[in-house]
Amino acid sequence: MNEMYNMGIVTHYYGVMTVLDGILINLFRIKKATTIQSYRKFNILFNPINGTFVGTVVFTGVIMMAAKHLDFTIENIFMIIISLFIIVLEVKRSK
């Protein structure tokens with residue numbers, strides 16, 4: 001059972017790092033974009049990939065909370081709020 005917890009934590013960690021990398025890549029592409037069309041083409045491919053990693057982070061976080069019977073601490077509530085904020089921003093950006 002410990003192996004499952006450890007794998008979940010590692011997956012969650014790498015998912016968070018990938019989402020942060022995606023945010024940095026997106027900021028870099030915004031700064032370097034010469035035209036709207038080139039940036040839009042990049043986002044058409046990039047948004048589903050980034051959304052998948054956001055989903056991975058949220059899913060592994062929920063599974064780990066349920067499997068370990070974690071309480072709603074300030075840190076957990078903060079992570080839930082941030083994940084909802086990121087999801088809302090992704091939906092607004094895709095429109």
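Among what covers the buried residues of α1 are α2 and α3. Those buried residues of α1 are Y5, G8, G15, V19, G22 and N26. Keep in mind that this is a predicted model.

How far apart are the end C-alpha atoms of α1, and does that distance agree or disagree with the expected span? The helix has 31 residues, which at 1.5 Å a residue should span 45 Å, and its end C-alpha atoms are 45 Å apart, so the two agree.

Now for a residue of another helix. N50 has its place in α2. Is N50 buried or exposed? Its relative accessibility is 5%, and because buried means under 20%, N50 counts as buried. Leaving aside residues up to four places away in sequence, N50 touches V19, G22, E90 and R93. Two of these names may look familiar: V19 and G22 are among the buried residues of α1.

Next, the open spaces. Rolling a probe the size of a water molecule over the atoms shows where empty space is left. Here are the two pockets side by side.

| Pocket | Volume | Lining residues | Nonpolar, polar, charged |
|---|---|---|---|
| Largest | about 630 Å³ | 25 residues | 19 nonpolar, five polar, one charged |
| Second largest | about 230 Å³ | 13 residues | eight nonpolar, three polar, two charged |

Start with the largest pocket. Which residues lie nearest its centre? They are H12, V16, V57, G61 and M79. Three helices each supply at least two residues of the lining: α1 (2-32), α2 (36-67) and α3 (74-94). The largest share of this lining comes from α3, with nine residues.

The second largest pocket has a volume of about 230 Å³. Of the residues that line this pocket, the closest to its centre are I23, N26, L89, E90 and R93. Two or more residues of its lining come from each of α1, α2 and α3. Which helix gives the most to this lining? That is α1, with six residues.

A few residues link these parts of the picture. N26 is one of the buried residues of α1, and N26 is also among the residues closest to the centre of the second largest pocket. E90 and R93 are among those closest to that centre too, and both are touched by N50, the buried residue of α2.

Note on methods. Residues are numbered from 1 along each chain as its sequence is written. This is a predicted model: local features need pLDDT of at least 70, side-chain atom pairs count only at pLDDT 80 or more; totals for chains, interfaces and linings use all residues. Side-chain values use heavy atoms; hydrogens and water are left out. On a 1 Å grid over the protein atoms alone, a cavity is a set of points where a 1.4 Å probe fits but cannot get out, and a pocket is an open set with protein on both sides within 12 Å along at least five of seven lines; lining residues have an atom within 4 Å of a point. Grid points are joined across faces, edges and corners, and a volume is the space filled by probe spheres set on the points. Helices (H or I, at least four residues) and strands (E, at least two) are DSSP runs, numbered from the N terminus. Ala, Val, Leu, Ile, Met, Phe, Trp, Tyr, Cys and Pro count as nonpolar, Asp, Glu, Lys and Arg as charged, and the others, Gly among them, as polar. The expected span of a helix is 1.5 Å times one less than its number of residues. Buried means under 20% relative accessible area, exposed over 50%, partly exposed in between (1.4 Å probe, protein chains only). Contact means heavy atoms within 4.5 Å.
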